Amino acid sequence: MCGIVGYIGGADATPILLDGLRRLEYRGYDSSGLAVADEESWGVRKSVGRIQELTRAVVEEPLSGRRGISHTRWATHGAVTRENAHPHLDQSGRLALVHNGVIENYQHLRRQMPDHVFESETDSEVLVHRIGWHLVQLGEVTSETLVEAVRRALREAQGTYGIAVIHQDVPDLLLGARRGSPLILGVGEGENLLASDVSALVNHTRDVVYLNDFEVVLAGSEGFRIESLVGAGTGYEIRTVDGDVEEVSRGDYPHFMLKEIHEQAATVRDAIRGRLSIEEATANLGGLNMSLGQLREIERVVLIGCGSAYHAALIGEYIFEKLACLPVEAEVASEFRYRNTPMGKDTLTFVISQSGETADTLAALRESQRKGHRTLGICNNVASTIARESDGGVYMHAGTEVGVAATKSFTSQVTILTLIALLMGRIRHMSSSEGLRILRELEQLPEKVERVLAMNAHLPEVAAKYAPSPGMLFMGRQFQYPVALEAALKLKEVSYMFCSGHPAAELKHGVIALISPELPSVFIAPHDALFEKNAGNIQEVRARRGPVIAVGTEGGDALMSLADDILWVPDAPDYLLPVLTVIPLQLLAYHIAVARGCDVDKPRNLAKSVTVE
């Protein structure tokens, strides 16, 4: 969570920092702040709320200087208050720090400084005080002693951090360090920058260095040096950011979430582009970095994710079992990293993350690799930590997703898992004719996504009807059960309604006690092999006067007499239907949230990228 931007160079730092924070606001928007320094000046501004509040504060009390650090916060330790906003200062008031991560032993460190006065409830303020404490022990304040004080404090700290530091009395130095939280150096001409995400840098430079864990960067206006936490210099690579990093705009859409829902025909098409081999009737996925012989030796697959990525993994479990006849387990990353999961030597692990920086998923990747298993990534950021540390993988090509609630990234993940399952099936038992049939269905999928978006024009009216409801139940079977989970997550994220997803057959095992005329139930009931079973469950809800919204296959007249409202999707094979059935439910969540007056792009208490445990 949290976004960091730092600058040192010849320009005024304040507008650069504010622009960078606006680009990183998806990482947290509880509060924000900046510290700016020059030879003759030093100042800090903080505000609670969105970045425009900080901008307003800077307009009212101008602040200028040629070096500075800034931060947009997603609260972990301490309430959302101005005192808890970053930057934090040390005891002297001359050292400023911004921090992304969690210092787990901050209470222990705080007790070691009994004479220090703390103004906030945060672990981050303890860290900057600890750096200041070491600086006092070292005597004179110089660039060398400041760097050493940072090193000493970080060696004591337990947990995760991405930090940026400046000192009023050290004029040409911007310090950064990372462990477990992303930090990127932007290399410019006569200036250098630090940021949590490359999007905050591209207006100033396309040349970047992705810092590794336990590295410290010493940046000045004319150069930089990267060292390890113990002081030795380290090698680094300056990379050029691709030219397609764009200034993201809503265009004609009122919200990014709605725009990104409508982009899904394009993103599904991009996920399969160049990856379908008609000649071999299979998927072509060279980024896996595994030969067909190595893939053929795999006897078990583990799919790992958090939130929507975990729901995509659950769908992937069904797809792999159907197309590849492989035993597959979907795991929540935060559970996997602490379990002693038995995994044979022929196990292949996939970690799934839109950002490629999800803390629990990254930890799961490292745990899988620690146990000797080849671990591949599915992510949307080719330069992310997961992309760099995994043994191979597949890039999603979904483009920037600004809305906090995942939409197009989810359907891209499911599409890519289908491609991988097809590949695994073809090298085992699947015939070429069956492979070709699946390829033809995949080729038609983007057009079917477009049809889903076109055939549900009545959705805003359906949403308005159910917006006052206290909650909603979502139910599905087989491939549609994870869709029920994802739909419930979407609605609770953006509308704050209490929602839950269940296997439809579990209705009679407790869930039916919740049925009432006030609580709508959503049944994902396409015309598949289990349609009659779903119809029976709908009848049970109707018998108890529960309102029913159904997601059904177009032309499915049988649903007309069962459901109060129906959302339609085109017909498709069961393994592709989740990509279609989830879209009207994303739209339902969006329109209900709008009807309830919620901020769908920046839901309360959430952030786009979860980089802390």
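Is H397 buried, partly exposed or exposed? Select H397 in this predicted model and colour the chain by accessibility: H397 is partly exposed, with a relative accessible area of 37%. The residue sits in the loop that runs between β21 (393-395) and α13 (408-426), and its phi is near 60 degrees, a positive value in a residue other than glycine. As background for this stop and those that follow, most residues other than glycine have a negative phi, and most peptide bonds are trans.

Next, move to Q478, which is found in the loop between β22 (471-476) and α16 (480-495). Here too the backbone takes a positive phi in a residue other than glycine, with a value near 50 degrees, and Q478 is partly exposed, having a relative accessible area of 43%.

Now go back along the chain and select residues 308-324, which form helix α9. This helix has 17 residues and reaches 23 Å from its first C-alpha to its last, close to the 24 Å expected at 1.5 Å a residue. If you display the surroundings of α9 as well, you will find that the helix is mostly covered, since 13 of its 17 residues are buried. Then extend the selection to C325, just after α9, where phi is positive at about 50 degrees.

For the last stop, select H86 and P87 together and display the backbone atoms that join them: the peptide bond from H86 to P87 is cis, with omega near 5 degrees. P87 has its place in the loop between β4 (67-73) and β5 (88-89).

Definitions and conventions. Residues are numbered from 1 along each chain as its sequence is written. This is a predicted model: local features need pLDDT of at least 70, side-chain atom pairs count only at pLDDT 80 or more; totals for chains, interfaces and linings use all residues. Side-chain values use heavy atoms; hydrogens and water are left out. Helices (H or I, at least four residues) and strands (E, at least two) are DSSP runs, numbered from the N terminus. Buried means under 20% relative accessible area, exposed over 50%, partly exposed in between (1.4 Å probe, protein chains only). The expected span of a helix is 1.5 Å times one less than its number of residues.
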